[in-house]
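Colleague: Could you walk me through this model, one question at a time? I am new to reading structures.

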Amino acid sequence: MAAPVADSWSWFPVLAFAVSLFKCLFINAYHSTDFEVHRNWLAITHSLPLSRWYYENSSEWTLDYPPLFAWFEFGLSHVARRFDPDMLDVQRLQHRSPPTVLFQRLSVVCSDLLLVFATRECCRCVREQKPSRDLLKRPSFILAVLLLWNFGLLVVDHVHFQYNGFLFGVLLLSVAKHLQSRHLQGALLFAVLLNLKHIYLYVAPAYGIYLLRSFCFTQDNTDSSVRWSSFSPARLAALGVIVTSVCVVSFGPFVLLGQLPQVLSRLFPFKRGLCHAYWAPNAWALYNVLDKTLVTLGVRLKLLQEAELPKASMTGGLVQESQHALLPSISPSVTLVCTLLSVLPAALSIWLRPRGARGFLRCLVLCALGSFLFGWHVHEKAVLMAVLPLSILAVESREDAGIFLVLATTGHYSLFPLLFTPAELPIKILLMLMFTLYSFTALTSLFSGHGSLLHPLEVVYLLGLVVVAIACEIVYPLTPWQQTLPFLPLLATSVYCALGVCYSFVRLYVILLRQEVKSKQL
Amino acid sequence: METWSLVSICVLLCVTVRWGVSLNSYSGAGKPPMFGDYEAQRHWQEVTYNLPVQEWYFNTTDNDLNYWGLDYPPLTAYHSLLCAHIAKLINPEWVELHKSRGYESSAHKLFMRATVLVADLLIYIPAAVLYCFYLSDGSSKKKVCTLLCFLLYPGLILIDYGHFQYNGVSLGLALWGVLALGLGWDALGSMAFSLALNYKQMELYHALPFFCYLLGKSVKQGLMGRGLFLLVKIAVTVVVTFALCWLPFLSDPSQALQVVRRIFPVARGLFEDKVANTWCSLNVLIKIRSVLSADSQLYLSFACTLLAVLPSSIRLLTKPTFWQFKLALVNSSLAFFLFSYQVHEKSILLASLPVCLLLNDLPLMAIWFLQASTFSMMPLFLKDGLLVPYVVTSLAFLLLSTYLFSALEHSSEDELRLGGYRKLFFCLPSLDLACIVRWKFYISIVAMAALTFTTVAMAPPPRLPDFFPVLVSVFAFLHFLGTLIYFNIVQFSSPPSRKSQKKNN
């Protein structure tokens, strides 16, 4: 901020170090059951042989991440021993001594250094139209703040407790490698990422199509359609070797032990319901609400008999399948088809008309959003998978910046129910205000001189979010309904946010199609 | 980006940091029978809510003064009363007479923390924002940087939100006083300062500069004409403010006397615990408390304090400018801290506030002092279980302030205003004073880190259980003494010219 020399990067370490220190402030804050999940995994990987890792079930929080993440926990557990050896005992459920808390929190902060490094790489790739002397108006600075100080990551990782920062670090690093045209490194990183957390399969279509189209085919025709003759088997083989070797390292031992089906059944538990305990703001939330509304209307209008309806409890529990009362119930395969259909146009677009790494990035965001909107048992945290990569696009183009503001604000707000303890209420509100204020003012000043970034209707929608927030967080807990209908605010939050997320998805597609039309006209 | 959004983000960040610190433990958590300052504040709520005003400061069957008896001026008591009324609304158990002693619960902690935050949001933070915007030089970005560092000063955050006290109120009121004086509203300023004085008697550390500045200004305007009018106006404001604050106690002289006796507990000795002032440090060499009688200790400390304050006060009286005023505030509060009677380690906050005012003018020295002042309270933080927030906030402050002010680059002899030293030590060979200062800064920071580490990680020698706290306080004392000398010299050297200041920016 003290306006150092324009090209110097001296601000970056300061920004990164400051945010790391900031994260350490929340060491004693509330943490969710995910804290115990990861402690249990530390214990499992440390004190049990490999063959027991995916069978151990003393705790209800069994190991359900891919093997590389288990190895990561195994590595951490050797440091953990020096803090408190008791946390590595599988039978000590709910162990949370102060050294354990300190260690686990610090492990998140330290593993986030990878995110810091990835952010640095992404910032280097950002195109600057007019190098500004003012540091606060430089896209690379804004991007660094948007990624490092991201509200969602701060809240989910450092209060709620998870290791997303470091995983997103791998993802962003892989994106940065693609932006730098180092495709093999990018592919390697993504393969590693998939073996750390399989939720990133959501964006795998973007990677697959992009690498196949823009890396394995070395040349395009003049109308940028694929030139089949330029196919390079060597490149495909290289990709294949990379991906297979990573998978062999990760899953190989379990294949040898004959445990692959058990590992896979842990990784893909389809017994869980369509929606998570808190509804993620996606299409199914809207679908559920439609179902409920129809039922209520039907009962009111005497078209339906209440006794005949199946007992539907879609917010009720963590792991149970739900039934819809009127609309057809949704099975996992339906969600899979919907997801594939929703990402298909984006994938087709980068196949037919590749637009370089930035086109790939857009496709990645669309894949993430598509699977968030239509996936099975989606967590609200998964919206970060679209928000973070979109940050890169947002600092480069005006239109993306507008979409980013809508998506980030609604997506982040939908994370509010994650923190429900009164002591953390100020934290989530303050952090949200800080991040939203920054993203709005920074992006507006970055693209100043071209009018407002948002349509008036979008502004009205976002202002409505404030109303929803006040109603759900402050007014509702004071009313008597809090006791009888405690899930109503969650429902309102996810439905209202679902509108914004769906809208951003559509807008992103519109931009993509408009580019398509433009390039056809050329 | 517009300035307003930068300021809002700064304030939001600083508020988040405060709330983050407040998630940690407080003084005396789960330590019966006496608990700590947290229980003291809660007890005051209980006493003020349940007892009539006449009994607040007296030892009665319902008010055991030996158990955290009220020993702050009336405004604190009123504040406790206000909080108690809110507490009563939320949960009557919190302020029930006798039964609520030692009450601890997470909901109550949340309530107490919230009262601190609300007081801070109402008093301290707006004053800091206005000060940085109206009374510090430089571009608007520079002002935002100053504001950020001002609000991130770790000592105050850790004491108010960790240990648990309401220093933000008294310091904030004093800051309002400084602000008003800087803007030329002398009567309002003296009113704000009188309120500060009535909130916490320790604000007396700042009283002399306020008095000298206003007196000097009146004299300069001519004691026969406008100056007299100004003086009378200020005097009336102060008297009226005091009278209003003390109204319930004025009906009976014994009441007022008892309050005064409670506020100035002369019988408690020259110093308590380990505090980084002269007497405690001298105690390592000479056991003062056993050599001198209680009375002579009192006279000795009084004389020393007076001697230490006198130069800067006289200088301010003859040259009542705002710059001199700020320096005199530092010098006076530091002199009081180092030499006066019954000083607590937390009183260093009174010296830190005026040093914060100088962050923009003398960055390196201010940062150095602020860091040392936080460090001097380290044993207290460790006792309260605040190690992690202490380390985190100190590191963050050090990093941000040195970066944002480019403190280490801006440390030429001229910018450090070391010209005075040249005149003092003209016989010395020409040394690069700025370089020496910089190296001293590095060494001192490393030493602080090392001392923190050893205190945490190593057991003290068995025969000297207080070895580390004494080492810390002596080390901090040396810093404070050095700072006192430095700021006195700055005050007596020529004031900064507008021109050179512009150049620096």
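Modeller: Happy to! One term first: pLDDT is the predictor's confidence in each residue, from 0 to 100. We need it here, as this is a predicted model.

Colleague: Over which residues at the start of chain A does pLDDT stay under 50, and how many contacts beyond four places in sequence does the model have for them?

Modeller: The stretch is residues 1-6 of chain A, where pLDDT stays under 50. A second stretch, residues 312-321 of chain A, is also below 50, with 26 contacts beyond near neighbours in sequence. For residues 1-6 of chain A, the number of contacts beyond four places in sequence is 12.

Colleague: Which helix of chain A has the highest mean pLDDT among its elements?

Modeller: Chain A as a whole averages 88, and 93% of the residues score at least 70. Among its elements, helix α20 (residues 481-484) has the lowest mean, 78. The highest mean, 96, belongs to helix α8 (residues 164-179) of chain A.

Colleague: Which helix gives the most to the nonpolar surface patch of chain B?

Modeller: The patch covers about 950 Å², and its residues include V219(B), M224(B) and L228(B). M224(B) lies in the loop between α9 (207-220) and α10 of chain B, and M224(B) counts as exposed because its relative accessible area is 77%, over the 50% cut-off. Seven residues of the patch come from one helix, α10 (residues 226-250) of chain B.

Colleague: What do the buried residues of that helix pack against, and where does the helix bend?

Modeller: Among the buried residues of α10(B) are G227(B), L230(B) and W246(B). The buried residues pack against α3 (74-90), α8 (186-199), α9 and α11 (253-263) of chain B. The helix bends by about 45°, and P248(B) follows within four residues of the bend, which is at L244(B).

Colleague: Is S406(B) buried or exposed?

Modeller: S406(B) sits in the loop between α19 (387-404) and α20 (419-424) of chain B, and has a positive phi of about 45° although it is not a glycine. Most residues other than glycine have a negative phi. The relative accessibility of S406(B) is 17%, under the 20% cut-off, so S406(B) is buried.

Colleague: And S181(A), buried or exposed?

Modeller: S181(A) is not a glycine either, and has a positive phi of about 60°. S181(A) is in the loop between α8 and α9 (183-196) of chain A. With 52% relative accessibility, over the 50% cut-off, S181(A) is therefore exposed.

Definitions and conventions. Residues numbered from 1 in each chain as written. Chains lettered and ligands numbered in written order. Predicted model: local features only at pLDDT ≥ 70, side-chain atom pairs only at ≥ 80, totals over all residues. Heavy atoms only, no water. Patch = residues over 30% accessible without salt bridge, like charges linked within 9 Å, V, L, I, M, F, W, Y side chains within 5 Å. Areas by Shrake-Rupley, 256 points an atom, 1.4 Å probe, with all protein chains shown as cover. Salt bridge = Lys/Arg side-chain N within 4 Å of Asp/Glu carboxyl O. Helix = DSSP H or I, 4+ residues; strand = E, 2+ residues; numbered from the N terminus. Buried < 20%, exposed > 50% of the residue type's maximum accessible area, 1.4 Å probe, protein only. Bend = angle between axes of the 7 residues up to and from the residue. Contact = heavy atoms within 4.5 Å.
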